[in-house]
Amino acid sequence: QVQLVESGGGLVQAGGSLRLSCAASGRTFTMYAMGWFRQAPGKEREFVAAINWSGRNTYYADSMKGRFTISRDNAKNTVYLQMNSLKPEDTAVYFCALAQEYRYSSSLRSGPSYDYWGQGTQVTVSS
């Protein structure tokens, strides 16, 4: 079993920044990739970003490219999401997720590719 705990959410004005963290614990030695997704009220969950185990490969949703940066610290079993130039439409609950086996890069944008999920952290961007 793996446990994921997100932190770093909060209220920020448009144009501001936040850094989300996701700490993994438990049987994490077989981690492959980690990802961030978000879900706004009344909307479907959507992919935000993903990173493979080595950190060499990162993937972003088009609307987040250039504004969001995903990174990881394997010594701490933690993945981060640095969010800059935030917009009111970025308001959502942000979830981190972990895949314990190899996944094709194209599948990392899909929620079912992940084995474990955190409880989520609320990000609210005011205009």
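**Close-up views of a predicted all-strand model**

Residues 24 or more positions apart account for 58% of the contacts in the protein with a separation of 6 or more. The model shown in every view below is a predicted one.

**Figure 1. Overall view of the predicted protein, with eleven strands and zero helices.** Read from the N terminus, the elements follow the order β-β-β-β-β-β-β-β-β-β-β. The radius of gyration is 14 Å, close to the 14 Å that the globule rule gives for 127 residues, so the protein is as compact as a globular protein of that length. The C-alpha trace spans about 40 × 25 × 25 Å along its principal axes. Of the 127 residues, 49% are buried. The accessible surface amounts to about 6500 Å², and carbon and sulfur atoms contribute 46% of that surface.

**Figure 2. The open sheet of four strands, in the order E1-E3-E8-E7.** The pairing in this sheet is antiparallel. Its edges are formed by strand E1 (2–7) and strand E7 (68–73), each of which pairs on one side only. From one strand to the next, the twist averages 15°. Strands of a sheet pair through backbone hydrogen bonds, which may be arranged in a parallel or an antiparallel manner.

**Figure 3. The hairpin formed by E7 and E8.** Strand E8 comprises residues 78–83, and six bridges join E7 to E8 in an antiparallel arrangement. Two of the facing positions may be located in this view. Phenylalanine 68 has methionine 83 of E8 as its bridge partner, and aspartate 73 stands opposite threonine 78 in E8. Four residues lie between the two strands of the hairpin. Asparagine 77 is placed in the loop between E7 and E8. Its phi is near 50°, a positive value in a residue other than glycine.

**Figure 4. The two faces of strand E7, with side chains that alternate along the strand.** In a regular strand, side chains alternate between the two faces of the sheet. Phe68, Ile70 and Arg72 of E7 point to one face and are buried. Thr69, Ser71 and Asp73 point to the other face and are not buried. Of the residues in this view, Ile70 also appears in the next one, where it is among the contacts of alanine 50.

**Figure 5. The surroundings of alanine 50 in strand E5 (residues 46–51).** Alanine 50 has a relative accessible area of 0% and is therefore buried, the limit being under 20%. With residues up to four places away in sequence not counted, alanine 50 touches Met34, Gly35, Asn57, Thr58, Tyr59, Ile70, Leu108 and Tyr114. Tyrosine 116 may be used as a further point of reference: alanine 50 and tyrosine 116 are 66 residues apart in sequence, and their C-alpha atoms are 14 Å apart in space.

**Figure 6. The surroundings of alanine 92 in strand E9 (residues 92–99).** Alanine 92 is buried, with a relative accessible area of 1%. Its contacts, not counting residues up to four places away in sequence, are Arg38, Gln39, Ala40, Thr121, Gln122 and Val123. Threonine 121, one of these contacts, lies 29 residues from alanine 92 along the chain, and the C-alpha atoms of the two are separated by 8.4 Å.

**Figure 7. Arginine 103 in the loop between E9 and strand E10 (116–117).** The relative accessibility of arginine 103 is 16%, so this loop residue counts as buried under the 20% limit. The side chain of arginine 103 makes a polar contact with the side chain of aspartate 115, at 3.3 Å. Leaving aside neighbours within four places in sequence, arginine 103 is in contact with Tyr32, Leu108, Ser113 and Asp115. Leu108 is also named among the contacts of alanine 50.

**Figure 8. Serine 85 in the loop between E8 and E9.** Serine 85 is not a glycine, although it has a positive phi of about 50°. With a relative accessible area of 42%, serine 85 is partly exposed, because partly exposed residues fall between the limit of 20% for buried and that of 50% for exposed. A positive phi of about 50° is also found at asparagine 77, in the turn of the hairpin of E7 and E8.

Conventions: Residues numbered from 1 in each chain as written. Predicted model: local features only at pLDDT ≥ 70, side-chain atom pairs only at ≥ 80, totals over all residues. Heavy atoms only, no water. Buried < 20%, exposed > 50% of the residue type's maximum accessible area, 1.4 Å probe, protein only. Contact = heavy atoms within 4.5 Å. Polar contact = N/O pair within 3.5 Å; in protein donor to acceptor, adjacent residues only side chain to side chain. Pairing = 2+ DSSP bridges. Axes fitted to C-alpha atoms, helices over the stretch in contact; angles between N-to-C directions. Rg over C-alpha atoms; globule rule 2.2 N^0.38 Å. Areas by Shrake-Rupley, 256 points an atom, 1.4 Å probe, with all protein chains shown as cover.
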